Amino acid sequence: MSFSRIDHFEFQHKDEHHDSALDVTRGVEDAPTVSPYFRKKRKRELSVEEFTGGILKGDITVLSQAITLIESRNPEHYGKAQQIIERCLPSAGNSIRIGITGVPGAGKSTFIEAIGGMVEKMGHRLAVLAIDPSSERSGGSILGDKTRMESISANPNIFIRPSPSAGSLGGVARKTRETIVLCEAAGFDVIFIETVGVGQSETAVHSMVDMFMMLQISGAGDELQGIKRGIMEMADLVAITKADGANVHKAQLARAQIQNALMLFPLPESGRRPNVITCSALEGTGLQEIWSDVEDYMAFTKANGYFPSNRLRQNKYWMYETIDKTLRENFFSNPAVEKDLPLYEAEVLANRKSPFTAARELLADYFGAK
């Protein structure tokens with residue numbers, strides 16, 4: 001082959017492959033990060049009998065899965081959860097249910113961690129149902145109570161379950177009442193329900209507990225201003241927290257002020273005026289006194305008959321609450337209502353129809369379709 005033919009061949013070869021200093025030689029393709037032979041194994045869902053058996057044996061894993069079913073919005077999960085609750089109901093009810101609320105910064109989680117550890121050492125099994133506020137925008141929650149209560153979260157006799165409020169009942173998770181039943185059936189004889197903070201949620205919590213405890217902070221300059229009559233009338237015990245160091249005198253002063261203010265309120269239905277006790281979760285002072293007051297309150301209300309009558313009244317309350325919730329959900333999920341609601345809303349916003357007339361017509365259409 002002559003030089004001219006060789007040169008011509010090399011030129012054609014380079015042109016054919018667009019040879020350039022910028023060309024990148026193709027290497028070996030990367031191996032897939034996930035094996036193509038991997039198949040995700042779907043976890044078998046427990047039956048109602050398996051759920052019930054596990055809960056009654058005190059299996060925390062099964063209990064947690066059952067609570068997840070209760071909190072689920074899936075209609076199939078709801079039906080299954082109700083069957084589990086019905087089967088656990090005969091084994092429930094043998095506990096002390098205590099609601100714990102307080103102004104932001106009162107140290108609710110720290111208080112529960114301190115008194116919870118003390119109660120467990122006394123031979124009790126404790127369940128802490130902590131309600132976390134949900135974001136109005138994203139619907140998400142931090143659910144950080146297990147992190148905040150680090151010293152007791154690993155204790156096998158203490159079960160901590162943070163639940164998102166999901167915007168219902170002013171911050172109280174919709175299914176907390178059913179969760180209490182499962183925790184009691186699992187053998188937890190003390191139930192703490194921690195609320196989001198002072199607000200509408202206290203009314204809902206008060207309707208599901210035997211004793212309502214309010215935590216108040218001293219030294220903020222609003223000991224009396226912070227007392228909301230409606231909240232204070234529900235309180236069965238007031239604890240002045242952070243009574244340590246230089247704050248002891250302020251806590252004692254706040255205690256006297258609140259105790260005097262409570263004397264102006266009518267006698268509670270329980271027949272027992274609430275006590276005001278100072279405490280420090282940091283130093284562990286006052287906690288034993290608070291728990292002794294809890295035990296005295298329980299003995300007093302059981303002796304005068306208020307304890308059992310209050311629980312029956314609460315059952316009636318939650319029956320009506322469930323009816324209201326179910327009717328509301330059924331109404332808004334109705335296909336005819338979903339179709340007509342935007343039209344009626346537009347009429348109301350344009351001032352062509354009153355909101356009351358629009359509501360009546362929508363309800364008439366809803367019940368007429370039944």
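1. Strands here are DSSP runs of E at least two residues long, and helices are runs of H or I at least four residues long, both numbered from the N terminus. With that settled, note that you're looking at a predicted model. On this count the protein has 15 helices and seven strands. Of its 370 residues, 42% are buried. The accessible surface comes to about 21,400 Å², and carbon and sulfur atoms hold 56% of that. As for contacts with a separation of 6 or more, 73% of them are between residues 24 or more positions apart.

2. Start with Gly-99, which sits in strand β1 (residues 96-102). Is Gly-99 buried or exposed? Buried, because its relative accessibility is 0% and the cut-off for buried is under 20%. Setting aside residues up to four places away in sequence, Gly-99 touches Ile-193, Val-205, Val-209, Met-211, Phe-212 and Met-213. There's also Ser-207 to look at: 108 residues separate it from Gly-99 along the chain, yet their C-alpha atoms are 9.5 Å apart.

3. Next, the strand beside β1. Strands β1 and β4 run parallel and are joined by five bridges, with Ile-96 having Val-190 as its bridge partner in β4. Strand β4 (residues 190-194) is largely enclosed by the rest of the structure, because five of its five residues are buried. In a regular strand, side chains alternate between the two faces of the sheet. Here Val-190, Phe-192 and Glu-194 point one way from β4, while Ile-191 and Ile-193 point the other way. All of these are buried, Glu-194 included, so that's a residue I'd click on when you have the model open. Ile-193 is also one of the residues that Gly-99 touches.

4. Now for β6 and β7. Strand β6 (residues 237-241) pairs with strand β7 (residues 275-278) in the parallel sense, over four bridges. To get from β6 to β7 the chain passes through helix α11 (residues 248-262), and this β-α-β crossover is right-handed. If you want a place to check the register, Ile-240 stands opposite Thr-278 in β7.

5. Thr-241, in strand β6, deserves its own point. Thr-241 counts as buried because its relative accessibility is 4%. What lies 2.8 Å from a polar atom of the Thr-241 side chain? That would be the backbone oxygen of Ala-106. Ala-106 is also among the contacts of Thr-241 once neighbours within four places in sequence are left aside; the others are Leu-215, Gln-216, Ile-217, Ser-218 and Cys-279.

6. Two residues to check on the backbone plot. Most residues other than glycine have a negative phi. Lys-242 has a positive one, near 60°, and its place is the loop between β6 and α11. Asn-351 also has a positive phi, near 60°, and belongs to the loop between α14 and α15. As for their surroundings, Lys-242 is partly exposed because its relative accessible area is 36%, whereas Asn-351, at 72%, is exposed.

7. On to the aromatics, where a search of the whole structure finds five pairs. Tyr-317 and Trp-318 make an edge-to-face pair, at 5.3 Å centre to centre with 90° between the planes. Tyr-317 is partly exposed at 30% relative accessibility, while Trp-318 is buried at 10%. Phe-331 and Tyr-366 form another edge-to-face pair, with 5.2 Å between centres and 75° between planes. This second pair links distant parts of the chain, 35 residues apart: Phe-331 is in helix α13 (residues 306-332) and Tyr-366 in helix α15 (residues 355-368). Phe-331 is buried at 11% relative accessible area, and Tyr-366 is buried at 4% relative accessibility. Phe-331 and Tyr-366 also belong to one aromatic cluster, along with Phe-332 and Phe-367.

8. Last one: Asn-334, found in the loop between α13 and α14 (335-349). Despite being in a loop, Asn-334 is buried, because its relative accessible area is 12%. A polar atom of the Asn-334 side chain lies 3.0 Å from the backbone nitrogen of Ala-336.

Notes
Residues numbered from 1 in each chain as written. Predicted model: local features only at pLDDT ≥ 70, side-chain atom pairs only at ≥ 80, totals over all residues. Heavy atoms only, no water. Buried < 20%, exposed > 50% of the residue type's maximum accessible area, 1.4 Å probe, protein only. Contact = heavy atoms within 4.5 Å. Areas by Shrake-Rupley, 256 points an atom, 1.4 Å probe, with all protein chains shown as cover. Pairing = 2+ DSSP bridges. Right-handed = clockwise from strand over helix to strand, strands pointing away. Polar contact = N/O pair within 3.5 Å; in protein donor to acceptor, adjacent residues only side chain to side chain. Phe/Tyr/Trp six-rings, centres within 6.5 Å; stacked < 30°, edge-to-face > 60°.
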